[in-house]
Amino acid sequence: MSSTHPGVLILDFGSQYTQLIARRIREQHVYSEIISHDTPLEEIIALNPLALILSGGPSSVYDSAAPDYDKRIFDLSVPILGICYGLHLLSDHHGGQIKKLGTGEYGFANIEIFSQSDLFAGVASGSQVWMSHQDQVINLPNDWQILAKSSNGIVAAIGNQSIKRYAVQFHPEVVHTVEGATIINNFLFKIAGCKPDWTPGNFVQEQITAIRDTVGQSRVICGVSGGVDSTVVAALLHKALGSQVTAVLIDHGLLRKNEARQCVAALKNGLGVNIHTFDEADRFLTRLAGITEPEKKRKIIGEQFIRAFEAATAKLGSSDFLAQGTLYPDIIESGSTKKGPAAVIKSHHNVGGLPADMNFELIEPLRDLFKDEVRRVGSELGLPEALIGRHPFPGPGLAVRIIGEITPERIAILREADDIYLNILHEDGLYDEIWQAFSVLIPVKTVGVMGDARTYENLLGLRAVVSADGMTADWYRMPHNTLSKISNRIVNSVKGINRVVYDITSKPPGTIEWE
């Protein structure tokens with residue numbers, strides 16, 4: 001966010017829905033950025049926001065351990081919207097009174113709207129909302145009014161139109177709030193005066209300018225893997241810097257079947273990108289030998305990638321910068337963002353697994369984007385649908401799809417099984433309905449019968465999910481005939497597998513990848 005591209009700042013007080021607030025705003029083509037609740041006022045002013053949103057959170061405003069924040073934010077002239085805990089903050093600061101409920105208010109509720117203010121313009125009274133709170137407002141600040149109450153008799157929205165301060169007790173960012181998008185739209189455009197100018201075209205032009213300003217006349221190594229993210233980064237860097245960029249594919253021996261060849265052909269022949277391939281499989285597999293713990297795998301792979309890129313520059317010529325396809329969910333799950341409190345779910349090889357002593361300055365032009373936004377940027381850059389529509393593939397590759405130790409034999413088994421799985425999804429016209437599909441080798445031996453003989457081979461898990469951004473996901477309801485075809489073909493074709501199972505776990509509680 002900058003003076004040339006202002007947007008909405010979201011102060012994160014620990015809500016499980018904070019990322020959804022950012023997404024809902026961006027869906028309205030308004031830029032949004034999440035920052036920590038304790039960001040100083042001076043830093044907030046420097047970001048030139050058009051409005052602030054205070055997220056929900058698990059605390060009470062009266063808790064001694066409640067998150068600290070710079071109370072001078074309420075002196076800013078920009079509009080402020082509080083959501084759930086954010087409502088309590090606004091009310092408390094302006095002299096209202098909060099009280100803890102005995103049981104809380106959770107799940108679905110309906111709201112009776114008392115004022116068709118700007119915030120609720122076009123929203124029908126009785127509309128369904130999603131509640132998740134224990135505290136409630138019992139006394140309003142002076143000059144504020146109740147805008148809505150829930151069907152449980154709880155204050156659901158308050159506002160002071162003269163100072164452009166509004167707050168809702170429910171969560172307009174979740175899909176369960178039926179007219180949540182309208183409420184957010186009203187705040188953005190009717191109250192904050194935002195403009196819908198956050199578009200892929202604007203993003204591309206801004207990033208090209210930023211990349212050129214950062215790199216100058218230096219050279220850049222761009223790491224590519226064949227996945228959507230790294231392909232979009234390579235195309236963006238190529239457009240910005242041309243011959244200053246050299247794309248490097250490190251074949252770590254953990255790619256899918258024919259992945260390296262297809263990636264090189266797409267970038268070199270399709271886009272004219274200068275790309276080189278380096279076979280580092282032996283080094284990676286040697287470092288991973290005997291390692292079973294997922295975090296150790298990711299950190300080893302992250303470090304070895306950097307060492308491989310450093311070795312590549314010795315052959316291609318020195319480079320000060322390394323570009324990679326880090327996305328916002330990678331940052332969040334790795335707990336690396338400075339923009340808000342985030343637990344470490346798992347280290348991503350390109351975030352939590354990077355060594356401290358690497359000799360590159362990182363360029364990560366997609367680090368503030370979600371996957372669907374990356375696809376739209378790819379379309380803007382002219383990438384073919386076959387490339388930008390590919391399912392996500394993790395940088396560590398098959399290493400995080402083999403439970404336990406990684407061996408050449410296990411890689412070969414999984415590679416063949418996964419290729420069969422994805423090919424059948426294409427055959428049955430299901431591939432584009434699925435966000436991500438892949439196989440997981442579970443080296444647990446199970447008894448089977450094949451050709452009247454007893455077998456004792458590995459178990460294979462199939463995973464397929466639908467999602468908008470990878471932050472949450474639901475398992476895909478695969479047609480039974482397709483599952484049967486996949487299972488039969490894999491068991492009959494891949495030596496080493498005699499049983500196939502289908503994963504029906506959503507995210508949360510599971511993650512999309514198994515490791």
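Which residues have the most contacts inside the largest nonpolar core? In this predicted model, that core has 88 residues, and those with the most contacts inside it are Val220, Val224, Tyr421, Leu425, Leu460, Met478 and Ile490. Select these seven residues to begin the tour, and then keep valine 224 highlighted while you display what surrounds it. Leaving aside its neighbours within four places in sequence, valine 224 is in contact with Ser230, Ala234, Ala247, Val248, Leu249, Ile250, Cys263, Leu267 and Ile275. Apart from this core lies another, of 37 residues, and you can find it by selecting Ile113, Met131, Val168 and Ile183, which are among its members.

Next, turn to the strands. Select residues 220–224, which are strand E10, and then strand E11, and you will see that the two pair in the parallel sense over five bridges. One point to look for is valine 220, whose bridge partner in E11 is valine 245. Strand E11 itself is mostly covered, with six of its seven residues buried.

Now widen the selection to the whole open sheet, in which five strands follow the order E12-E11-E10-E13-E14 with parallel pairing. At its edges stand strand E12 (275–279) and strand E14 (361–363), and each has a single partner strand, so one side of each is left without a neighbour in the sheet. If you look along the sheet, neighbouring strands are turned by 30 degrees against each other on average, direction ignored. As for how such strands are held together, strands of a sheet pair through backbone hydrogen bonds, either parallel or antiparallel. Towards the E14 edge, select strand E13 (residues 321–323), which pairs with E14 in the parallel sense over three bridges. Among the residues to pick out here is phenylalanine 321, whose bridge partner in E14 is glutamate 361.

From the sheet, move to a pair of helices by selecting residues 200–215 for H5 and residues 371–380 for H11, whose axes come within 9 Å and cross at roughly 80 degrees. That crossing angle makes H5 roughly perpendicular to H11. To see the contact, show Pro200, Gly201, Phe203 and Val204 on H5, together with Arg376, Val377 and Glu380 on H11. The residues of this contact divide into four nonpolar, one polar and two charged.

The remaining stops concern the backbone. Most residues other than glycine have a negative phi, and most peptide bonds are trans, which is the background against which to view the next four selections.

Select aspartate 143 in the loop between strand E6 (127–139) and strand E7 (145–150). Although aspartate 143 is not a glycine, it has a positive phi of about 70 degrees, and it is exposed, with a relative accessible area of 71%. Then go to asparagine 258, in the loop between strand E11 (245–251) and helix H7 (259–271). Asparagine 258 is likewise not a glycine and has a positive phi of about 65 degrees, while its relative accessible area of 38% leaves it partly exposed.

Finish in the segment after strand E18 (497–502), where proline 508 is found. The peptide bond from lysine 507 to proline 508 is cis, with omega near -15 degrees. Proline 509 also has its place in the segment after E18, and a cis peptide bond, with omega about 15 degrees, joins proline 508 and proline 509.

Notes:
Residues are numbered from 1 along each chain as its sequence is written. This is a predicted model: local features need pLDDT of at least 70, side-chain atom pairs count only at pLDDT 80 or more; totals for chains, interfaces and linings use all residues. Side-chain values use heavy atoms; hydrogens and water are left out. Axes are lines fitted to C-alpha atoms, for helices over the stretch in contact, and angles run from 0 to 180 degrees between N-to-C directions. Helices (H or I, at least four residues) and strands (E, at least two) are DSSP runs, numbered from the N terminus. Angles under 35 degrees count as roughly parallel, over 145 as roughly antiparallel, 65 to 115 as roughly perpendicular and the rest as oblique. Contact means heavy atoms within 4.5 Å. Ala, Val, Leu, Ile, Met, Phe, Trp, Tyr, Cys and Pro count as nonpolar, Asp, Glu, Lys and Arg as charged, and the others, Gly among them, as polar. Two strands pair if DSSP finds at least two bridges between them. A nonpolar core is a set of buried Ala, Val, Leu, Ile, Met, Phe, Trp, Tyr and Cys residues joined through side-chain atoms within 4.5 Å. Buried means under 20% relative accessible area, exposed over 50%, partly exposed in between (1.4 Å probe, protein chains only).
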